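Work through these exercises with the sequence and the model side by side. Try each task before you read its solution.

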Amino acid sequence: MGLLTGAAIAAGAGGAVVSAPIVLGAVGFTSAGIAASSYAASWMSAAAIANGGGVAAGSAVAVLQSAGMAGLSGAATAAVGTVGGAVGGLVAALI
């Protein structure tokens, strides 16, 4: 692994971990709950309609709402960092 590849993996992993809470808030998954008139609210509405009036526990909307309110768990942070590092490594390989 070259220096550029290592740097890209580290930047991808770090950038993903730092930006995940920012992105969650930007789309409407906030610490106070789902923001009205946001992308998250639209997604929650669609999920509730699809499930007969409620959002299923463990669904993507429920997991993202939890992450928006409480922050990412250790496992979620590791997963986000891993994906970010993989994307960084892929970008470095393509350059």
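Five exercises follow, each with a worked solution.

This is a predicted model, in which local features need pLDDT of at least 70, side-chain atom pairs count only at pLDDT 80 or more, and totals for chains, interfaces and linings use all residues. Residues are numbered from 1 along each chain as its sequence is written, and side-chain values use heavy atoms, with hydrogens and water left out.

**Exercise 1. The whole chain**

Find the pattern of helices and strands in the protein chain, then its overall dimensions.

Step 1. Know the terms. Helices (H or I, at least four residues) and strands (E, at least two) are DSSP runs, numbered from the N terminus.

Step 2. Count them. The protein chain has four helices and two strands.

Step 3. Read along the sequence. The pattern is α-β-β-α-α-α.

Step 4. Take the spans. Along its principal axes the C-alpha trace covers about 50 × 25 × 25 Å.

Step 5. Compare with a globule. The radius of gyration is 16 Å, while a compact globule of 95 residues would have one near 12 Å. This radius is taken over C-alpha atoms, and the globule rule is 2.2 Å times the number of residues to the power 0.38.

**Exercise 2. Ala92 and its partners**

Is Ala92 buried or exposed, and which residues does it contact?

Step 1. Place it. Ala92 lies in helix α4, residues 74-94.

Step 2. Check the area. Buried means under 20% relative accessible area, exposed over 50%, partly exposed in between (1.4 Å probe, protein chains only). Ala92 has 9%, so it is buried.

Step 3. List the contacts (heavy atoms within 4.5 Å). Leaving aside neighbours within four places in sequence, Ala92 touches Leu4, Thr5 and Ala8.

Step 4. Compare sequence and space. Ala92 and Ala8 are 84 residues apart in sequence, yet 6.0 Å apart in space, C-alpha to C-alpha.

**Exercise 3. Leu4 at the surface**

Classify Leu4 as buried or exposed.

Step 1. Place it. Leu4 sits in helix α1, residues 3-27.

Step 2. Apply the cut-off. Its relative accessibility is 54%, so Leu4 counts as exposed.

**Exercise 4. One side of α3**

Which residues of α3 are buried, and why do they share a side?

Step 1. Pick them out. In α3 (residues 60-70), Val61, Ala67 and Gly68 are buried.

Step 2. Check their directions. They lie on the same side of α3 because they cover an arc of only 130° around the axis. The arc is that of the directions from the helix axis to the C-beta atoms.

Step 3. Find the cover. It includes α1, β1 (29-30), β2 (33-34) and α2 (39-50).

Step 4. Look just after α3. There, Gly71 takes a positive phi of about 90°.

**Exercise 5. Ser37 and Gly2**

What is the sign of phi at Ser37, and how far is Ser37 from Gly2?

Step 1. Recall the rule. Most residues other than glycine have a negative phi.

Step 2. Read the angle. Ser37 is not a glycine, yet its phi is positive, about 60°.

Step 3. Place it. Ser37 lies in the loop between β2 and α2. Its relative accessibility is 80%, so Ser37 counts as exposed.

Step 4. Turn to Gly2. Gly2 is in the segment before α1. At 41% relative accessibility, Gly2 is partly exposed.

Step 5. Take the distance. Gly2 and Ser37 are 35 residues apart in sequence and 46 Å apart in space, C-alpha to C-alpha.
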